[in-house]
Every structure is written in C-alpha cells, then in structure tokens.
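Morning, everyone. I have one structure to walk through today, so let's put it up.

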Amino acid sequence: MRSAIATRLKGLNGPILLFSTVLLVWLLWYFYTGYGGPQELASRLIPVAVILQILIMYRGGYFYSWLPARVNDVLVVIYIAIALYAFWHFWWEFEEIAIYRQGSYTTQDYIAGLTMFLLVMELSRLAHPALFWINLTLVLYTIYGYLSPFDFFWHPGTTFYRVVTSSTVELSTGIYGIYGQLALTLIAAFLLLAAAARGFGAQSAMINVMRRLAGRSRQMVPQTAVMGSLAVGTISGSGSANAVVVGSITIPLMKRYGVPGTFAGAVETSASMGGLLMPPLMGVGAFLMSEFLGVPYWDVVARGFTLAIVYYLCLALAIYLICVRILPRDEITPPVVVTYDQAKTSIFFISVLFLIFLMGYVGIGELRAALFTAGFMFAVLMLAFLYFKYVLKDPNVAEESLFENICLSIETHGDMTSYLTLLLATLGIMIGLFTVTGFINRMGATLLDLGAWNILAMIAMAYIFGWLVGAGLPPTATYIIGAVIIVQPLVSLGVNPWVAHFFVFLISVWGELSPPTSLTAAVSARIAEASFMKTMWEALKICLPLTLMTFAIFTRSNMVVTTGWSQFVDSVLVLIGTSGTAFAMFGRTTTVKPLDWLIRIVIAVVSCVVLFHPNDTVALWTAPLCAILVIVGIIRHASVAPPEAMPDLPDPGDTSGNLDTLVAEAKRDFG
C-alpha cells in the first residue's frame with residue numbers, strides 16, 4: 001500500500017492528483033448546489049484547470065526542448081503563478097468586474113486579463129497549434145482590419161486593449177465565456193461517468209465482452225471494433241479516444257485473423273467516429289447544441305440515439321459486406337470472458353440505463369442526473385472490486401489496488417476536464433474575435449444571398465465551408481464556427497433549427513475524418529502499423545454511405561425535429577436508404593460484372609429515392625422495395641466467390657501499452 005502511494009505521488013503525479021482532487025470536489029459541490037452560477041464558477045476554476053493542464057502537459061516532456069531543463073522549470077512556475085494570480089484576482093474582484101466595472105476596467109483588471117490571455121494563447125500553441133495560428137491571425141485582423149483591400153474583410157479595426165478585454169474580463173465572451181463555462185458544468189458532469197469507468201477498467205472489460213459477442217466466424221471479427229466502439233462511445237464522446245481504448249485491442253485481434261493492417265485501421269477509425277454520435281456522452285458539440293437551442297441536454301440525446309443507431313447498423317453492414325469478400329467463413333474460438341469483466345460490463349450498462357431513466361423519465365436536471373449516475377456507478381464498481389478481491393479472492397483482481405483505482409478515476413476526470421476547458425477557452429477567444437470584427441454577420445449575409453437564389457446551393461456551400469474548416473480544426477471548433485455562421489442563415493430561410501444544428505453537427509463529425517488531417521485515423525494507423533493516408537482513405541470509403549445522413553435530415557427531418565413515432569419512421573427510412581447505398585458500393589450480386597453493376601446501380605437509385613424524395617408517401621412506398629433488394633442482395637453476396645480459408649497469425653497479445661504514448665506518437669506522425 002505504501003509503495004503504491006509513493007509511486008502515485010512521485011514527481012509531478014502528486015501535484016496533479018492534488019489539483020485534480022480540488023477541481024473534482026469543487027465541481028461536485030457545484031453540481032449538487034449550483035451555487036454562484038456558471039460564470040462565477042468559470043472565474044474560479046478556469047485558472048485551476050489551466051494549472052492542471054500545465055502540469056499534465058509538462059509531465060509528458062519539456063515545453064521547450066531547445067532550452068535548459070532549469071529554464072523550463074522556471075517557465076512552468078511562472079505560468080502557474082500567472083494562473084494563481086488570475087484565480088486570486090477574480091476571486092476577490094468578481095462582483096466588481098461582472099457588475100460595476102463592465103466597460104471601465106482598472107489597470108489590475110487589465111493585467112490579470114492580459115497575462116491570462118497570453119498564457120492561454122501559449123498553451124494553445126503547445127497543445128493546439130492550428131487554433132493558435134488562427135487566433136493569432138484573428139488578433140492581427142481585429143486590430144488592422146481597416147487595411148484589408150477586400151470589402152468583404154474590411155472593418156474599422158480596434159485596439160489591442162479591446163482584444164484583451166473581450167477575451168477575458170468581459171466574461172460574456174472569450175476565455176471565461178459560455179464555452180469555458182460549459183466545459184466546467186455540463187461536460188464535466190458527464191465526464192464523471194468516463195472517469196469512474198476508466199478507474200476500474202470497465203472500458204477494457206466491455207471490449208472483452210464484445211469480442212465474445214462477435215461470434216465464432218472469422219468474418220465477424222471486425223464487428224468487435226464496431227460493438228466495442230459503440231459501447232465505449234457512450235462515455236468517450238471522442239473519435240481519437242475511442243481509437244486508442246478500443247483499437248489497441250481490436251486492431252491486433254483483426255490482424256491476427258488475417259485482416260490487412262490498412263483495413264483493420266480503417267474499420268477502427270470508422271467505428272470510433274461513432275464516439276462523437278453515441279449518447280449519452282456525445283461529442284462536445286452536442287452539449288453546445290443544447291446551449292445554442294436553449295433546450296435540456298436530454299432533448300439532444302433523444303435525437304442523437306437515432307443517428308447513432310443508424311450509423312452503427314449501416315457501418316456494421318458495410319464492414320460485413322467487405323469482410324465476406326476478403327475473409328474466409330471458417331470458425332474461430334471465441335475468447336473466454338472472466339466473471340469480473342462480465343460484472344463490470346453489466347454495471348456500466350445498468351448505469352447508462354439509470355442515467356437515461358433519471359433524465360428521460362424522472363426529469364432530473366442534467367447536472368444532478370450525471371452526478372447521481374456517476375456516484376451510483378462508482379459505488380457499485382467499488383463494491384464489485386472489494387467483493388471479487390477480498391471475498392472471492394479472484395486472481396484477476398489480485399494485482400489491483402483500490403487506492404490506485406480511485407486515484408486513476410480522479411486524475412482521469414481532471415485530465416479530460418482541464419483539456420476540454422483549455423480547448424473551449426481557446427475557441428472562446430476565436431469566436432469572441434469573430435464577433436468583434438463582424439465577420440460572422442458578413443458571412444451569414446453572404447449565405448443568405450446565396451440561399452435566396454437557391455437553397456440547395458446554400459446547403460452545398462455551407463457543407464463545403466464546414467468541410468474546409470473541419471479539415472484543419474477539431475470537431476468542437478468546427479461545430480462552434482458552423483453554429484455561429486451557418487445555422488442562422490438556414491433558419492432564416494425556413495429550415496428547422498434542429499435540422500440546421502444537426503446538419504452542422506454531422507459536418508463537424510465528418511470533419512474529424514476529412515483529409516488531410518484526422519487524428520482518429522492517425523491513432524488507428526499507428527496501432528495497425530499501416531499507412532496513415534491509406535487508412536484514412538479506406539475509412540472514407542467505408543463511411544461514405546453514412547455521409548448521406550448529413551443531407552437526408554433535410555428531407556427526412558422528423559429524424560431530428562421530433563421524438564416518437566414520426567421520428568422512428570423517418571429513422572427507418574434513412575437506415576434503409578443508407579444500407580442500400582452501402583450495398584450498392586460494397587455488395588456483389590453475381591459474378592457477371594455488367595449485370596452486377598446494373599443491379600447495384602438500380603439499388604443505389606432506389607436508395608436515393610428513399611433518402612431524398614421530398615414526398616414522404618413516395619419514400620414510404622419505395623422503402624419496402626429497397627429493403628427487399630438489400631436483403632436478397634446480402635444473401636446473394638455471401639454466395640458469390642467466397643475467399644478460401646487461411647491460417648491464424650500469431651497472437652500479438654495485448655498491445656494497448658501506454659495510451660498516452662500511443663496518442664503522442666500518432667500526433668507526431670500526423671504532423
């Protein structure tokens with residue numbers, strides 16, 4: 001026990017655990033009481049989150065490798081001192097700044113804001129270089145916009161003082177604005193579930209159970225990635241996190257049974273993308289959507305379930321169709337899942353159902369529902385641990401320590417919360433500067449002019465704009481920019497706000513897979529020891545039928561506009577249409593190629609009618625025909641030129657290794 005404590009508190013681990021604990025306790029108190037409100041909470045805890053992220057980043061290596069170690073240490077101390085100064089100043093002066101000094105700040109207010117602004121900018125340069133350079137460009141544009149030779153970009157300019165105050169002490173925008181507040185409230189509350197699950201190893205247990213459920217056929221082995229990513233996606237809200245946790249197990253497993261490395265990485269990439277769609281912890285964009293729409297988060301979750309179900313069912317079909325062509329049909333021996341893993345998996349899914357019950361049936365607010373569910377999950381996982389370790393004396397638990405599991409839960413929550421707080425604070429600066437320059441209004445007016453000419457052209461332009469943004473920015477940034485620029489013009493032209501926001505949300509998800517950048521593909525390719533570009537392009541092909549869902553919500557809008565029977569009908573129509581498109585791309589009906597191409601083209605056309613025909617009656621009558629064609633096609637596909645049996649490859653064992661190392665290596669490889 002003493003050695004475990006000593007190891008846990010060694011080096012920077014001790015301060016990280018301390019600040020993680022402070023952050024967690026403070027947030028738990030806020031989730032239960034709501035004392036002070038989100039703005040006051042952000043003014044207190046954003047400096048704490050920044051300090052925690054500094055320590056976590058510094059534990060991974062020196063910030064400036066070209067400087068001596070002592071200089072790096074001194075700079076880190078200075079960075080922490082800046083955050084502590086901001087904490088102290090906003091602690092004592094919050095009421096004065098928030099109410100009485102708005103628009104007329106003291107010198108000390110400006111110094112606190114300036115130092116915090118520069119610190120967040122520097123940390124974003126280290127953690128999110130693309131966002132840093134965009135923000136730096138925006139700072140220059142905000143000051144010198146009057147020099148622009150183009151009318152579209154011209155504005156009268158402003159001062160650096162205004163840049164700093166709008167990004168800090170004004171509190172309504174920038175670092176302390178709505179995005180930082182959201183990171184420390186709704187998002188941090190749901191991250192409690194992920195922290196409890198990781199602390200007691202529930203994620204790896206779920207993957208082992210999914211491997212068992214995948215069945216005895218070699219062709220079904222890649223479905224382990226789909227089911228594992230679906231399960232972990234309920235609490236990850238991230239494609240790259242899914243790829244690390246699930247892919248470190250499923251990719252070596254697929255390669256062992258003869259799946260080519262590139263395809264194995266692509267399967268995991270496309271499956272991990274569902275982590276951004278799968279409720280209850282969807283991507284950060286879903287929390288932002290509830291804030292933009294002014295609705296409870298449960299309303300977003302209720303609509304997100306249909307999108308995620310359609311995504312994973314169609315994805316499973318596409319992967320199956322490909323696997324039938326490249327893998328034999330011979331049987332394999334499914335793995336044995338120990339009782340402790342089964343127990344942890346059951347506890348996890350019961351907890352998710354408990355959360356849905358609290359939010360959807362009882363009607364408890366999101367913060368308390370997440371708090372109660374996390375407490376329930378943590379308590380039951382701890383009881384299960386104690387029972388298996390000390391009562392049953394299970395050898396699978398012998399090496400685990402309760403203290404270590406609790407510390408891992410606390411650190412996991414601190415790491416994820418502080419990371420997202422820094423990210424959203426950086427995005428807060430970006431959106432604040434967009435607002436100051438008036439760029440959002442000008443871009444919105446341009447889209448409105450285009451929409452007045454042709455709504456389809458506007459949708460296409462919005463998609464291209466979102467795709468270009470997503471090619472260089474993470475999904476959260478893509479969604480925020482899309483939500484403030486694209487949504488309002490669409491709504492002004494009569495598009496339902498739910499449709500407009502989910503359109504942007506799906507664009508941001510697709511942006512995570514957009515060339516030339518995709519961290520999810522980079523992580524999967526690294527684990528698979530395959531080419532990053534080939535893995536990404538293969539994943540794009542697998543996911544291509546699913547991109548149709550981004551546009552199908554305009555015609556089958558009940559999928560996201562409402563809940564109930566009409567939502568179910570439109571969701572089934574989208575599932576049938578995307579499944580038909582997937583079969584048209586990856587299925588085979590006969591060995592006679594011209595006839596096969598003709599049949600698949602017919603299926604593709606019928607599927608497009610189901611997805612996009614503006615008349616619901618036509619779509620409803622066409623859907624049964626499409627479903628029959630797909631079912632018959634799947635049966636035929638299984639009998640067309642099946643591959644020969646192949647021997648198993650050597651078992652590579654557990655290659656999960658250090659998850660942080662895998663992510664760091666993937667980021668390095670991917671630029």
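Before I point at any helices, one definition. A helix axis here is a line fitted to C-alpha atoms, over the stretch in contact, and the angle between two axes runs from 0 to 180 degrees between N-to-C directions. Keep that in mind for the helix pair.

Also, this is a predicted model.

Now, that pair. Take helix H12, residues 261-272, and helix H14, residues 297-326. Their axes come within 11 Å. They cross at roughly 170°. Angles over 145 degrees count as roughly antiparallel, so H12 is roughly antiparallel to H14.

Which residues meet there? From H12, we have Phe-263, Val-267, Ser-270 and Ala-271. From H14, they meet Tyr-311, Tyr-312, Leu-315, Ile-319, Ile-322, Cys-323 and Ile-326. By type, that contact divides into 10 nonpolar residues, one polar and no charged.

Let's step back to the whole protein. It has 29 helices and zero strands. The radius of gyration is 25 Å, and the globule rule gives 26 Å for 671 residues. Those values are close, so the protein is as compact as a globular protein of that length. The C-alpha trace spans about 80 × 70 × 55 Å along its principal axes.

Next, the empty space inside. How many cavities of 30 Å³ or more are there? The count comes to two.

Start with the largest cavity. It holds about 140 Å³ of space. Helix H22, residues 497-511, and helix H24, residues 532-555, each supply at least two lining residues. Which helix gives the most? That is H24, with five residues. Among the residues lining this cavity are Met-273, Leu-277, Trp-510, Cys-543 and Met-549. Tyr-311 is on the lining list too, and Tyr-311 is also one of the H14 residues that meet H12. The lining divides into 10 nonpolar residues, two polar and no charged.

Now the second largest cavity. About 30 Å³ of space lies there. Here H22 turns up again: helix H19, residues 455-470, helix H20, residues 475-485, and H22 each supply at least two residues of the lining. The lining includes Phe-465, Val-469, Ile-481, Val-504 and Ile-507. Gly-466, Thr-478 and Gly-482 line this cavity as well. The split is six nonpolar, three polar and no charged.

To recap the charge story: there are no charged residues in the H12 contact with H14, none in the lining of the largest cavity, and none in the lining of the second largest. That's my part. Over to you.

Conventions
Residues numbered from 1 in each chain as written. Predicted model: local features only at pLDDT ≥ 70, side-chain atom pairs only at ≥ 80, totals over all residues. Heavy atoms only, no water. 1 Å grid on protein atoms, 1.4 Å probe; cavity = no way out; pocket = protein on both sides within 12 Å on 5 of 7 lines; lining within 4 Å. Points joined across faces, edges and corners; volume = space filled by probe spheres on them. Helix = DSSP H or I, 4+ residues; strand = E, 2+ residues; numbered from the N terminus. Nonpolar A, V, L, I, M, F, W, Y, C, P; charged D, E, K, R; others polar. Parallel < 35°, antiparallel > 145°, perpendicular 65-115°, else oblique. Contact = heavy atoms within 4.5 Å. Rg over C-alpha atoms; globule rule 2.2 N^0.38 Å.
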